[in-house]
Amino acid sequence: MLSIEKGVSLKPYTTFGIDCTAKYFCAITSVSDLQELISTEFFNNEKHLILGRGSNVLFTQDFDGLVIHNSIKGIETVSENDEKIVLKISSGELWHEVVMHCVKNNWGGIENLSLIPGTMGAAPIQNIGAYGVEVKNVIDRVEIIDLSTSVIRSLSNEECRFGYRESVFKHELKKNIFISSVTLTLTKKNHQINTSYGALTTTLHQMNVFEFTPQTISDAVIKIRTEKLPDHQKMGNAGSFFKNPEIAEKLFHQLQLQYPEIPHYPSANQQVKIPAGWLIERCGWKGKRIGDAGVHAHQALVLVNYGNASGEEIFSLSKKISAAVQEKFSITLTPEVNIF
Ligand code: EPU
């Protein structure tokens with residue numbers, strides 16, 4: 001039975017912990033709940049927003065419409081053999097819990113993505129990535145529901161057009177669709193262990209780990225993330241606030257002359273990816289605080305809510321940071337977080 005509540009605070013539903021209100025709020029626990037909801041006249045008259053764990057959003061004002069909270073759970077084995085397992089995972093499952101379930105069963109492929117907040121359904125939208133791995137590497141299919149017609153469609157990995165923090169779900173399929181499940185293929189043996197990321201290699205060494213398994217890699221990633229990234233349950237945040245900018249090689253070479261130590265990674269189309277955290281730190285913003293809005297002391301790419309910051313205050317801080325990076329480096333930062 002669907003229940004639509006009025007005037008609900010979104011503070012517990014976003015990891016930034018910002019107090020703002022949804023005009024209407026409805027939690028759904030099944031695809032049929034969603035289909036029932038979208039067949040109503042009420043749904044068609046209100047603007048709507050789908051929220052998973054709210055770990056990549058910043059509300060700068062109350063939401064004047066219907067927030068649909070996705071609580072659809074379930075992990076189903078589609079097929080398996082000695083080498084691989086295919087899992088169909090409902091979109092409301094929490095991503096880190098999915099990772100822990102797989103690591104515990106020694107299913108490999110997503111261990112580098114441990115401790116990323118958010119839901120399964122949100123993961124393909126921005127193609128979550130960390131420590132040399134992106135979720136696109138293990139995604140087979142993404143099932144979506146058209147919110148106008150209720151029609152269910154299954155997209156192949158290719159049709160999702162994944163890129164760095166990018167997918168078709170940020171473009172043509174940004175509006176009017178709901179991701180209902182994601183199908184992943186994971187390894188049961190001969191795991192493709194990825195320790196290419198510098199910080200991961202160093203941490204595994206410090207931990208005296210020489211046997212690389214989904215479990216040991218996951219433990220190391222959890223150690224790094226816990227040390228560097230704030231726990232949103234203690235200090236509101238949405239992970240990286242900006243994307244790492246990709247700049248032309250020419251600009252990169254000019255910057256490298258001035259800053260020989262500038263960290264950089266190769267990226268597509270002969271561009272160079274620069275860590276935004278480094279740029280922000282060089283502009284003097286790391287650890288700074290304006291009221292309750294701040295820049296995390298251990299990772300300048302993460303903006304934090306020390307308690308009672310408003311969305312506007314966080315957004316205003318982000319604009320000051322972007323302006324400083326633009327002025328010093330002539331590089332435009334783009335938010336990774338969705339701002340409403
Ligand atoms: N750096 C600084 N100062 C800082 C932060 C970083 O100089 O304050 C430098 C580091 O020294 C290092 C480089 O920047 O040389 C990279 O830093 P880090 O390893 O912390 O990674 P990142 O590029 O800042 C990205 C992802 C993270 C992901 C990590 C690890 C983006 C936007 N962010 O951050 O993802 O966990 O790599 O793979 O691509 C997220 O998306 O929310 C997120 C946390």
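# Notebook: sheets, cores and single residues

**Entry 1. The open sheet.** I began with an open sheet of four strands, whose order is E13-E19-E18-E17 and whose pairing is antiparallel. I noted that its edge strands are E13 (236–240) and E17 (289–290), each of which pairs on one side only. I record here that the model is a predicted one. I then looked up the pair formed by E18 (residues 293–295) and E19 (residues 302–305), and found three bridges joining these antiparallel strands. Within this pair, alanine 293 stands opposite asparagine 305 of E19.

**Entry 2. Valine 302.** I stayed with E19, since valine 302 has its place in that strand. Is valine 302 buried or exposed? Its relative accessibility is 1%, so I entered valine 302 as buried. Leaving out residues up to four places away in sequence, I listed what valine 302 touches: Leu229, Pro230, Asn237, Gly239, Ser240, Gly294, Val295 and His296. I also looked up the separation of valine 302 from serine 218, which lies 84 residues away along the chain, and found 22 Å between their C-alpha atoms.

**Entry 3. The nonpolar cores.** I turned next to the largest nonpolar core, which has 41 residues. Which residues have the most contacts inside this core? They are Trp95, Ile110, Phe169 and Leu184. I traced the elements that supply at least two residues each to the core: among them are strands E7 (84–90), E10 (139–146) and E12 (177–187). Helices H3 (95–104), H4 (198–206) and H5 (214–228) also each supply at least two. Apart from this core I found another, of 33 residues, which includes Phe242, Ala300, Leu317 and Ile321.

**Entry 4. Leucine 184 and strand E12.** I looked more carefully at leucine 184. Setting aside neighbours within four places in sequence, I found leucine 184 in contact with Ile85, Val86, Leu87, Ile89, Trp95, Ile110, Met120, Val138, Ile139 and Asp140. In the pairing of strands, leucine 184 of E12 is the bridge partner of isoleucine 139. E10 and E12 run antiparallel and are joined by seven bridges. E7 and E12 also run antiparallel, and seven bridges join them. In that pairing, I noted threonine 185 of E12 as the bridge partner of valine 86. Why is E12 largely enclosed by the rest of the structure? I found that 10 of its 11 residues are buried, and E12 is therefore largely enclosed.

**Entry 5. Two helices in contact.** I recalled that two packed helices are described by the angle between their axes and the distance between the axes. For H3 and H5 I wrote down an angle of about 145 degrees, with the axes 9 Å apart. On the H3 side, I found His96, Met100 and Val103; they meet Pro214, Gln215, Ser218 and Ile222 of H5. I sorted the residues of this contact into four nonpolar, three polar and no charged.

**Entry 6. Cysteines.** I searched for disulfides and found zero in the structure. Why does cysteine 20 form no bond with the closest cysteine sulfur? That sulfur belongs to cysteine 26 and is 18 Å from the sulfur of cysteine 20, which is too far for a bond. Cysteine 20 has a relative accessible area of 5%, so I entered cysteine 20 as buried. For cysteine 160, the closest cysteine sulfur is that of cysteine 102, and the 18 Å between the two sulfurs is likewise too far for a bond. Cysteine 160 is buried, with a relative accessibility of 0%.

**Entry 7. Positive phi values.** I looked up leucine 115, whose phi is near 65 degrees, a positive value in a residue other than glycine. Leucine 115 lies in the loop between H3 and strand E8 (129–130). With a relative accessibility of 31%, leucine 115 counts as partly exposed. I then found a positive phi, near 50 degrees, at tyrosine 131, again a residue other than glycine. Tyrosine 131 lies in the loop between E8 and strand E9 (133–134). Its relative accessibility is 11%, so tyrosine 131 counts as buried.

**Entry 8. Threonine 14.** My last entry concerns threonine 14, placed in the loop between strands E1 (4–9) and E2 (21–28). At a relative accessibility of 5%, threonine 14 counts as buried. Which residues does threonine 14 touch, not counting those up to four places away in sequence? I listed Arg53, Gly54, Val57 and Phe59.

Notes:
Residues are numbered from 1 along each chain as its sequence is written. This is a predicted model: local features need pLDDT of at least 70, side-chain atom pairs count only at pLDDT 80 or more; totals for chains, interfaces and linings use all residues. Side-chain values use heavy atoms; hydrogens and water are left out. A nonpolar core is a set of buried Ala, Val, Leu, Ile, Met, Phe, Trp, Tyr and Cys residues joined through side-chain atoms within 4.5 Å. Buried means under 20% relative accessible area, exposed over 50%, partly exposed in between (1.4 Å probe, protein chains only). Contact means heavy atoms within 4.5 Å. Axes are lines fitted to C-alpha atoms, for helices over the stretch in contact, and angles run from 0 to 180 degrees between N-to-C directions. Ala, Val, Leu, Ile, Met, Phe, Trp, Tyr, Cys and Pro count as nonpolar, Asp, Glu, Lys and Arg as charged, and the others, Gly among them, as polar. Two strands pair if DSSP finds at least two bridges between them. A disulfide is a pair of cysteine sulfur atoms within 2.5 Å.
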